[in-house]
Amino acid sequence: MSPPLDQAQLLSRAAAALSITAESAAKELEAARGKLARGLKKLAELSEDELAIATVPRDEVWREDMVRLYRCRPVVDKPHPVPILIAYALVGRFQMIDLEADRSLVRKLLASGFDVYFIDWGLPGRAQRWLGIDDYVSGYLDRCVDVIRRRSGRDGINLMGICQGGVFSTCYAALFPQKVRNLALTVTPLDFHGDRKEPQVGAGYMNGWARSMTTQDVDDFVDVYGSAPGALVGFAFLMMNPVSHLTKYSTDLIDVLDDDAKLLGFLRMERWIADRPDHPGEVLRQWLKDLYQENKLIRSRLVLGGRTVDLRNITMPVLNIYATGDTIVPVSCSRGVGNHFGTDDYTEVPVPGGHIGTFVGGKAQKILAPTLAEWFGARG
Amino acid sequence: MSASESNEGSRATYDFWLGLIPQFLGQFGGFAPAGGPGTAVPEDLPFPVDQIAKAAAMTQQSLEGLAQALAPALKTGVPDMLAQWAKASPAFAFTRFGDADTATPQTMLAPWLALMSNSTGTGGALPQAPLQAMSRAWADMASRVTGANTAQMDTAFDRTYGALSDGVGLGPARKLQAAWRDVMNAAVAQQDARAQYAILVQDAFVQGFQRLLTALAAKADAGERVDSVLALIRMWAANTEHAVHETLQSERGLAATAALIRSDLAHRKKTQQMATILADQFDMASRRELDEAFREIQALKRELRASDAANSDDAPAGGRAPLRKSTSAKRRRRPDPAIDAGRDDA
């Protein structure tokens with residue numbers, strides 16, 4: 001084995017890999033500046049309509065406080081008799097499920113003949129700081145489910161949760177199993193300590209941060225802030241990949257601005273990212289202490305509204321979809337948890353890409369909606 | 001919360017990332033001044049397109065500066081370009097290139113730290129600095145003059161004149177002064193935590209540059225070549241990102257992050273205490289008191305929900321949620337909101 005190089009030798013060896021000349025660098029950077037200049041002109045010509053997200057035709061069918069329940073207009077004459085309710089997370093807005101017409105989970109499910117509802121959790125204000133997880137699960141979510149049950153005449157509906165919405169859906173299915181016919185979870189953290197078994201560089205920041213805080217820190221955070229400001233929550237997500245965000249808003253823009261389709265997709269995603277709601281404080285307190293710190297959900301020790309969330313009550317079929325490149329919810333926090341549920345019909349499906357890529361990524365798009373449609377369809 | 005309020009926080013986040021662009025691209029050219037004005041940013045663009053346009057214009061300008069800086073370095077060969085780059089790389093300069101501009105890491109990290117301060121609502125880091133400096137200088141001066149620290153002085157002063165002050169109605173002012181002192185102490189602790197965090201980030205950037213050199217050397221050994229400046233920047237980013245992850249996910253990184261959060265919270269808490277004293281003095285409801293009203297409203301809503309559930313046929317698994325003792329189990333079922341009247345054909 002050769003001895004390690006000192007810095008001078010290393011610099012010299014590294015330089016040997018570079019075949020950049022003054023002329024080539026000048027030409028390349030001039031071309032890049034030209035692309036940016038053309039991109040700036042394109043930006044000036046964009047209309048609001050082109051930037052609109054979540055445009056699927058829909059009707060508001062219920063509301064309470066800041067929460068809204070929407071029914072997407074079916075695109076077939078006789079939709080599947082059991083409706084699907086989609087519950088997104090509180091840390092982002094529901095628009096991710098219908099970001100663009102050709103990258104829309106909702107539209108794909110509608111095209112597969114389903115009757116699709118989704119919840120918009122809205123923008124919680126200071127008055128909502130005291131909302132706890134149970135207020136969402138046994139309150140808003142339960143009311144939404146009841147509305148859909150009444151409208152469809154079904155005892156149980158198909159429930160699909162995304163990330164934090166997946167946790168809420170899991171809790172709901174355990175507390176109200178008679179109202180859930182099938183449960184689908186996507187990029188949902190279930191074993192919040194899963195990352196300890198399989199540590200991954202660049203994944204599971206939230207797990208590490210939450211556990212490095214004391215319970216007193218969490219209490220102080222919630223007491224001091226009331227609700228976690230949306231910008232602060234968003235910033236925490238961005239700081240999981242700080243260097244990528246340096247390139248995202250600089251050198252990566254060169255190619256993005258040069259491609260019309262990429263540009264629109266990029267801007268719509270930015271619009272979604274920028275619309276980050278505040279996070280109710282009491283939900284955050286429980287989320288960090290009971291789940292990230294004490295991992296109570298998977299151990300069936302979580303208590304909501306005086307009732308224990310026992311995962312063995314989940315006897316309906318469960319589909320668990322996780323993203324193989326998820327750094328926000330590490331794979332180890334989602335995968336391999338079937339034995340904790342009370343069902344015999346448990347399916348796990350990996351999709352390529354990251355946490356958000358599951359819903360908008362090219363490869364994942366080809367798997368996600370078809371898998372859901374086939375799975376729900378096969379189970380009535 | 002209105003859309004504009006929501007955008008306010010997001011704009012602060014964009015300000016942070018965009019503020020780093022000149023430093024980020026500047027480091028590859030040894031921090032030469034940015035190039036000419038570039039293409040003008042179109043006006044009246046919707047949010048966040050306006051931010052992306054700003055980012056594109058800043059990148060364009062920085063690339064021009066980079067081209068100007070690289071030209072002379074590349075005339076004398078690639079090693080000079082790398083050496084120039086290494087000089088600009090945080091702390092790497094100390095170990096290998098003694099004549100580097102040591103202000104570089106601070107310049108690069110300043111907006112980072114400022115945003116952490118802004119995003120947690122404690123005000124900008126930079127504007128606070130003079131106040132903290134004043135506070136510290138005051139404390140230092142007091143110690144030198146009396147041989148005691150400010151807390152001891154205050155205690156002695158309070159014993160002597162405190163009751164008299166209260167007697168003539170200066171109690172709140174004394175409380176306010178004590179609260180202000182607490183805020184300043186918390187601010188100093190906050191700056192210390194930020195400095196520790198910044199050192200950690202610097203370390204990660206140093207490691208990132210080292211990794212880049214190692215990766216390039218491996219390419220050279222394999223007979224591969226990098227012929228693009230932008231590809232080289234992407235390589236730097238990938239290697240540095242990995243180093244940042246390793247550093248911030250380490251025990252030390254997590255502890256520094258927790259300390260940073262803790263110090264921000266302590267500072268905010270002390271500031272709130274000061275605001276509470278002021279609110280009390282001017283007979284205004286404090287935010288905490290409003291929060292208590294919200295808490296009671298939420299408790300009543302829960303009670304109502306539990307009452308509804310008690311009258312419902314759909315009992316949850318694990319039993320019904322307990323009702324508060326004051327709750328009547330026979331409370332009238334709440335009617336569905338009018339909008340619920342819609343039918344499937346809506």
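Is Lys289(A) buried or exposed? At 18% relative accessibility, Lys289(A) counts as buried, because the cut-off for buried is under 20%. The model is a predicted one. The walk below starts at this lysine and moves through chain A, across to chain B.

Lys289(A) has a charged partner. Its side chain meets that of Asp219(A) in a salt bridge, 2.8 Å from N to O. The two residues come from distant parts of the chain. Lys289(A) belongs to helix α14 (residues 281-293) of chain A, Asp219(A) to helix α9 of chain A, and 70 residues separate them. Asp219(A) is buried too, with a relative accessible area of 18%.

Helix α9 of chain A, residues 215-225, also holds Asp217(A). This residue forms a salt bridge with Arg262(B), and the closest N and O atoms are 2.7 Å apart. Arg262(B) lies in helix α10 (residues 251-281) of chain B, so the pair joins two chains. Which of the categories fits each partner, buried or partly exposed? Asp217(A) is buried, at 5% relative accessible area. Arg262(B) counts as partly exposed, at 36%.

Another salt bridge joins the chains at helix α5 of chain A. Here the side chains of Asp134(A) and Arg305(B) meet, 3.0 Å from N to O. Asp134(A) sits in helix α5 of chain A and Arg305(B) in helix α11 (residues 287-310) of chain B, so this pair joins two chains. Both Asp134(A) and Arg305(B) are buried. They belong to a network of salt bridges that links Asp134(A), Asp135(A), Arg307(A), Arg302(B) and Arg305(B). Over all chains, the count comes to 47 salt bridges.

Arginines also meet a tryptophan ring. The charged end of Arg129(A) sits over the ring of Trp130(A), 4.3 Å from its centre. From chain B, Arg295(B) lies over the face of Trp130(A), at 4.1 Å from the ring centre.

Now turn to the aromatic side chains. The structure holds 24 aromatic pairs over all chains. One of them is Tyr136(A) with Tyr140(A). What is the geometry of this pair? A pair of aromatic rings is described by the distance of the centres and the angle of the planes. For Tyr136(A) and Tyr140(A), the centres are 5.4 Å apart and the planes make 65 degrees. The pair counts as edge-to-face because its angle is over 60 degrees. Why are these tyrosines separated by about one helical turn? They are four residues apart in helix α5 (residues 133-152) of chain A, which means a separation of about one helical turn. Both Tyr136(A) and Tyr140(A) are buried. They join Trp121(A) and Phe168(A) in one aromatic cluster.

Next comes the sheet of chain A. Eight strands form an open sheet in the order β1-β2-β6-β3-β7-β8-β11-β12, with mixed pairing. The edge strands are β1 (58-64) and β12 (346-351) of chain A, and each pairs on one side only. From one strand to the next, the twist averages 20 degrees. Within the sheet, strand β3 (residues 84-87) and strand β6 (residues 116-120) of chain A pair in the parallel sense over four bridges. Which residue is the bridge partner of Ile86(A) in β6(A)? The partner is Phe118(A).

Helix α5(A) packs on this sheet. It touches β1, β2 (67-72), β3, β6 and β7 (157-162) of chain A. The direction of α5(A) makes about 130 degrees with that of β1(A). Helix α5 of chain A thus holds Asp134(A), whose salt bridge joins two chains, and also the tyrosine pair Tyr136(A) and Tyr140(A).

What is the secondary structure of chain B? It comes to eleven helices and zero strands. Read along the sequence, chain B follows the pattern α-α-α-α-α-α-α-α-α-α-α. Of its 346 residues, 42% are buried. Among contacts in chain B with a separation of 6 or more, 71% involve residues 24 or more positions apart.

The last stop is a loop in chain B. Glu43(B) is found between α1 (3-26) and α2 (49-75) of chain B. At 69% relative accessibility, Glu43(B) counts as exposed. Glu43(B) and Ala53(B) are ten residues apart in sequence. In space they are 9.5 Å apart, C-alpha to C-alpha.

How values were computed. Residues are numbered from 1 along each chain as its sequence is written. Chains are lettered from A and ligands numbered from 1 in the order in which they are written. This is a predicted model: local features need pLDDT of at least 70, side-chain atom pairs count only at pLDDT 80 or more; totals for chains, interfaces and linings use all residues. Side-chain values use heavy atoms; hydrogens and water are left out. Rings of Phe, Tyr and Trp (its six-membered ring) pair if their centres lie within 6.5 Å; planes under 30 degrees apart count as stacked, over 60 as edge-to-face and the rest as tilted. Buried means under 20% relative accessible area, exposed over 50%, partly exposed in between (1.4 Å probe, protein chains only). A charge sits over a ring if NZ of Lys or CZ of Arg is within 6 Å of the ring centre and within 35 degrees of the ring normal. Two strands pair if DSSP finds at least two bridges between them. Axes are lines fitted to C-alpha atoms, for helices over the stretch in contact, and angles run from 0 to 180 degrees between N-to-C directions. Contact means heavy atoms within 4.5 Å. A salt bridge is a side-chain nitrogen of Lys or Arg within 4 Å of a carboxyl oxygen of Asp or Glu.
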